[in-house]
Amino acid sequence: MKKVVNVLSVTGFMFFGAIQSTFAQEAATESKTFHQILKENFIDGGPGFMGIVLVALILGLAIAIERIIYLNLATTNTKKLVANVDDALSSGGVEAAKEVCRNTKGPVASIFYQGLDRVDEGVDAAEKAVVSYGGVQMGLLEKNVSWISLFIALAPMLGFMGTVIGMIGAFNDIAVANDISPAVVAGGIKVALLTTVFGLIVAIILQIFYNYIVSKIDGIVNNMEDASIQLVDLLVKYKK
């Protein structure tokens with residue numbers, strides 16, 4: 001977890017450092033702060049598409065942060081849990097093991113509880129309960145993650161649409177002025193480039209969070225599957 005956070009932090013600093021260096025020359029010539037330049041470029045890009053892309057960024061980050069918090073809370077020390085359940089089964093039976101699961105947070109403990117709750121019906125019934133409830137917990141882990149991927153795809157598409165509209169405006173200006181000088185088309189081209197850049201920036205930021213969330217889910221699911229196998233082995237041993 002610490003390594004991933006460090007990587008994300010370094011990536012973020014590098015990313016915003018690159019943005020600052022992009023506007024550094026303009027800031028030096030006009031003696032404006034980075035935030036002022038960023039604000040001006042955002043306004044120049046047009047409130048329509050830039051605002052929609054900003055909303056996609058805010059919603060995507062909100063979902064990503066909520067998922068990260070949920071997944072961190074769902075992370076369980078499965079080795080310790082299996083050992084505690086094994087000790088409880090040996091000393092106090094199924095009820096003691098269920099109490100251990102009730103006092104432990106996370107999807108693995110919930111899966112264990114469902115399996116232990118049906119152990120009286122046989123190991124096969126307990127195994128089916130573990131598999132079925134494992135699918136339910138996997139769905140809870142992946143909840144709303146598809147929305148992040150939607151915003152990742154939507155942000156650059158909106159940026160490109162703004163680019164097309166900006167280029168259309170530039171060509172309209174050429175037609176009206178009957179002149180192809182740079183001064184005529186500069187405004188439309190600037191709007192086109194700004195919307196594209198902003199859309200790509202949003203997609204890059206959300207993609208980093210999305211990849212981390214997916215890798216976190218994969219790790220939890222792998223632990224769930226491994227722990228479920230160990231629980232079945234414990235129940236087989238307990239039933240002998």
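Confidence in this predicted model averages a pLDDT of 78 over the protein chain, and 74% of the residues score at least 70. Among the elements, helix H4 (residues 47–74) has the highest mean pLDDT, at 89, while helix H1 (residues 2–22) has the lowest, at 44. The start of the chain is where some caution is in order: pLDDT stays under 50 over residues 1–19, and the model has eleven contacts beyond four places in sequence for that stretch. Residues 25–29 also come in below 50, with four contacts beyond near neighbours in sequence.

As for the overall build, the protein chain has ten helices and zero strands, so the pattern read along the sequence is simply α-α-α-α-α-α-α-α-α-α. Of the 240 residues, 37% are buried. The accessible surface comes to about 13,700 Å², and carbon and sulfur atoms supply 65% of that. Among contacts with a separation of 6 or more, 74% link residues 24 or more positions apart. One pairing across the sequence is that of Leu59 and Trp147, which are 88 residues apart in sequence but 8.9 Å apart in space, C-alpha to C-alpha. Leu59 sits in helix H4 and is partly exposed, with a relative accessible area of 42%.

The run from H5 to H8 can be followed one helix pair at a time. Two packed helices are described by the angle between their axes and the distance between the axes. For helix H5 (residues 78–91) and helix H6 (residues 93–102), the angle is about 155° and the axes are 6 Å apart. The cut-off for roughly antiparallel is over 145 degrees, and H5 and H6 are therefore roughly antiparallel to each other. Their crossing is right-handed. On the H5 side the contact is made by Leu81, Asn84, Val85, Ala88, Leu89 and Ser91. H6 contributes Gly93, Val94, Ala96, Ala97, Val100 and Cys101.

H6 then packs on helix H7 (residues 107–117) at an angle of about 160°, with the axes 8 Å apart. That makes this pair roughly antiparallel too. Here the crossing is left-handed. Val94, Ala97, Lys98, Cys101 and Arg102 are the H6 residues involved, and they meet Ala109, Phe112, Tyr113, Leu116 and Asp117 in H7. Val94, Ala97 and Cys101 of H6 also take part in the contact with H5.

Next in line, H7 and H8 pack at an angle of about 150°, again with axes 8 Å apart. H7 is thus roughly antiparallel to H8, and the two helices pass in a right-handed crossing. The contact draws on Pro107, Ser110, Ile111, Gln114 and Gly115 from H7. From H8 come Ala126, Ala129, Val130, Tyr133, Gly134 and Gln137.

With a partner helix on either side, how much of H7 is covered? Mostly: eight of its eleven residues are buried. These are Pro107, Val108, Ala109, Ile111, Phe112, Gln114, Gly115 and Leu116. Several of the buried residues can be placed in the helix contacts: Ala109, Phe112 and Leu116 meet H6, whereas Pro107, Ile111, Gln114 and Gly115 are among the residues in contact with H8.

Helix H10 (residues 182–239) also reaches this part of the model, through Ser228. Leaving aside residues up to four places away in sequence, Ser228 touches Ile111, Phe112 and Val130. Ile111 and Phe112 are buried residues of H7, and Val130 is one of the H8 residues that contact H7. Is Ser228 buried or exposed? At a relative accessible area of 13%, Ser228 is buried, because the cut-off for that class is under 20%.

Further along, the loop between helix H8 (123–141) and helix H9 (145–177) holds Asn144. Most residues other than glycine have a negative phi. Asn144 goes the other way: its phi is positive, at about 70°, although it is not a glycine. With 31% relative accessibility, Asn144 counts as partly exposed.

Notes: Residues are numbered from 1 along each chain as its sequence is written. This is a predicted model: local features need pLDDT of at least 70, side-chain atom pairs count only at pLDDT 80 or more; totals for chains, interfaces and linings use all residues. Side-chain values use heavy atoms; hydrogens and water are left out. Helices (H or I, at least four residues) and strands (E, at least two) are DSSP runs, numbered from the N terminus. Buried means under 20% relative accessible area, exposed over 50%, partly exposed in between (1.4 Å probe, protein chains only). Contact means heavy atoms within 4.5 Å. Accessible areas come from the Shrake-Rupley method with a 1.4 Å probe; for residues, only the protein chains shown count as cover. pLDDT is the predictor's confidence in each residue, from 0 to 100. Axes are lines fitted to C-alpha atoms, for helices over the stretch in contact, and angles run from 0 to 180 degrees between N-to-C directions. Angles under 35 degrees count as roughly parallel, over 145 as roughly antiparallel, 65 to 115 as roughly perpendicular and the rest as oblique. A crossing is left-handed if the near helix is turned anticlockwise from the far one by less than a right angle, and right-handed if clockwise.
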